[in-house]
Amino acid sequence: MFWQQKAWVDSAVMRQLAHRFVAHKKEVHGEDVWVLLFCDNLKAHLDQEVKQIFGDGKVLLCYLPPNMTNFIQPIDAGLGRSVRC
């Protein structure tokens, strides 16, 4: 299992996650198949090195418009909001 103690995903952690994702993608789909990955606008998702890792691994990133969390992540809009510290 892979996690960060503070639960933040910064650029360094995102780079590690990108490498792991690409490796898994290659195991499951092979090296020649492109896959689509939806992302929000988290700063770590916009990191140039992260984009390069995904692009080299044939992972097409599709960025969702800003401020869509309430529509695409219902837990953040409801229950999650009430239990955050």
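**Exercise 1.** Determine how many aromatic pairs this predicted model contains, and describe the geometry.

*Solution.* Step 1: the count comes to 1 aromatic pair. Step 2: the partners are F21 and F54, with 5.8 Å centre to centre and 75 degrees between the planes. Step 3: planes over 60 degrees apart count as edge-to-face, and the pair of F21 and F54 is therefore edge-to-face. Step 4: F21 lies in helix α1 and F54 in helix α2, 33 residues apart, so that the pair links distant parts of the chain.

**Exercise 2.** Establish how helices α1 and α2 are oriented to each other, and which residues make their contact.

*Solution.* Step 1: the axes of α1 (residues 11-29) and α2 (residues 48-56) come within 9 Å and cross at roughly 0 degrees. Step 2: angles under 35 degrees count as roughly parallel; α1 and α2 are therefore roughly parallel to each other. Step 3: α1 contributes S11, M14, R15, A18, H19, F21 and V22 to the contact, while α2 contributes E49, V50, I53 and F54. Step 4: sorted by class, this contact has 7 nonpolar, 2 polar and 2 charged residues.

**Exercise 3.** Describe how strands β1 and β2 are joined, and state the handedness of the unit they make with α2.

*Solution.* Step 1: strand β1 covers residues 35-39 and strand β2 residues 59-63. Step 2: the two strands run parallel and are joined by 5 bridges. Step 3: as one example, F38 has C62 in β2 as its bridge partner. Step 4: together, β1, α2 and β2 make a β-α-β unit that is right-handed.

How values were computed
Residues are numbered from 1 along each chain as its sequence is written. This is a predicted model: local features need pLDDT of at least 70, side-chain atom pairs count only at pLDDT 80 or more; totals for chains, interfaces and linings use all residues. Side-chain values use heavy atoms; hydrogens and water are left out. Axes are lines fitted to C-alpha atoms, for helices over the stretch in contact, and angles run from 0 to 180 degrees between N-to-C directions. Helices (H or I, at least four residues) and strands (E, at least two) are DSSP runs, numbered from the N terminus. Angles under 35 degrees count as roughly parallel, over 145 as roughly antiparallel, 65 to 115 as roughly perpendicular and the rest as oblique. Contact means heavy atoms within 4.5 Å. Ala, Val, Leu, Ile, Met, Phe, Trp, Tyr, Cys and Pro count as nonpolar, Asp, Glu, Lys and Arg as charged, and the others, Gly among them, as polar. Two strands pair if DSSP finds at least two bridges between them. A crossover is right-handed if, with the strands pointing away from the viewer, the path from the first strand over the helix to the second runs clockwise. Rings of Phe, Tyr and Trp (its six-membered ring) pair if their centres lie within 6.5 Å; planes under 30 degrees apart count as stacked, over 60 as edge-to-face and the rest as tilted.
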